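The exercises below ask for a careful reading of a protein model, and each task is followed by a solution that goes step by step. Please look at the sequence and the structure before turning to the solutions.

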Amino acid sequence: MQPNPKDRARTPSQALLADAAALNAALADLVRVYQFRDRDRICCYDISVTQCYALEALADHGPMRSQTLAGLLLLDKSTTTRVVDALERKGYVERRTDEEDARAVSLRITASGRALYDTINRGLIAQQAELLADLDPQVRATVTDVIRRLAKAAEARFVSGVSVGNCAPSCATTGCS
């Protein structure tokens with residue numbers, strides 16, 4: 001295969017921007033598919049995707065305060081409270097006095113919440129196994145590592161506020177509303 005003359009003329013910054021555009025398109029496709037997959041696989045259990053993420057955080061990290069859960073979910077405290085309220089009404093999460101500070105409330109996943117999360121998670125993992133089945137084990141490991149690294153870098157930028165910022169200047173020039 002002959003190299004494209006345009007590729008040779010690219011500067012490193014142009015190549016980086018082209019790679020970033022390709023990554024952006026690929027991630028947009030992946031996120032779109034997974035949003036629908038998650039919605040279809042999770043919502044049939046009468047919980048939202050966000051509620052499932054909250055169950056996952058409590059299952060993986062154990063009891064925690066609402067503020068900690070909000071940080072893990074990258075949500076504000078009032079949204080997190082609504083998510084927890086819904087899970088508590090359904091019997092999947094309970095509020096208890098915090099073991100370290102009796103003035104505080106700690107959130108815990110209940111046995112039925114754990115069972116529900118485990119059921120959903122097994123189904124999602126089975127879907128991933130089907131997707132990975134035709135890939136070489138080294139490719140599977142590399143893909144997982146790259147996705148994990150990208151997610152960690154993106155989260156660090158989001159949490160630090162680098163990715164958030166004011167969009168008004170760019171909207172003023174592009175006319176978005």
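**Exercise 1.** In which loop is Leu74 found? Describe its backbone and its accessibility as well.

*Solution.* The model is a predicted one, and Leu74 lies in the loop between helix H4 (66–73) and H5. Turning to the backbone, phi of Leu74 is near 60°, which is a positive value in a residue other than glycine. For the accessibility, the partly exposed class lies between the limits of 20% and 50%, and Leu74, at 36% relative accessibility, therefore counts as partly exposed.

**Exercise 2.** Where is Asp46 placed, and is Asp46 buried or exposed?

*Solution.* Asp46 belongs to the loop between H2 and H3, where it has a positive phi of about 65° although it is not a glycine. Exposed residues are those with a relative accessible area over 50%, so Asp46, with a value of 55%, is exposed.

**Exercise 3.** At what angle do helix H3 and helix H5 pack, and which residues meet?

*Solution.* Helix H3 (residues 49–61) and helix H5 (residues 77–89) pack at an angle of about 80°, and their axes are 10 Å apart. Since angles of 65 to 115 degrees count as roughly perpendicular, the two helices H3 and H5 are therefore roughly perpendicular to each other. On the H3 side, Thr50, Gln51, Ala54 and Leu55 take part, and they meet Val83, Ala86 and Leu87 in H5. Sorted by class, this contact of H3 with H5 has five nonpolar and two polar residues, with no charged residues.

**Exercise 4.** Classify the packing of helix H2 with helix H6, and give the handedness of the crossing.

*Solution.* The angle between helix H2 (residues 12–42) and helix H6 (residues 111–132) is about 140°, with the axes 10 Å apart. Roughly antiparallel requires an angle over 145 degrees, and H2 and H6 are therefore oblique to each other. The crossing in which H2 passes H6 is right-handed. H2 contributes Tyr34, Arg37, Asp38, Arg41 and Ile42 to the contact, while H6 contributes Ile120, Gly123, Leu124, Gln127, Gln128 and Leu131. These residues of the contact of H2 with H6 divide into five nonpolar, three polar and three charged.

**Exercise 5.** How many helices and strands does the protein have, and what percentage of its residues count as buried?

*Solution.* The protein has eight helices and two strands, and from the N terminus on its elements run α-α-α-α-α-β-β-α-α-α. Of its 177 residues, 23% count as buried.

Key: Residues numbered from 1 in each chain as written. Predicted model: local features only at pLDDT ≥ 70, side-chain atom pairs only at ≥ 80, totals over all residues. Heavy atoms only, no water. Axes fitted to C-alpha atoms, helices over the stretch in contact; angles between N-to-C directions. Helix = DSSP H or I, 4+ residues; strand = E, 2+ residues; numbered from the N terminus. Parallel < 35°, antiparallel > 145°, perpendicular 65-115°, else oblique. Left-handed = near helix turned anticlockwise from the far one by under 90°. Contact = heavy atoms within 4.5 Å. Nonpolar A, V, L, I, M, F, W, Y, C, P; charged D, E, K, R; others polar. Buried < 20%, exposed > 50% of the residue type's maximum accessible area, 1.4 Å probe, protein only.
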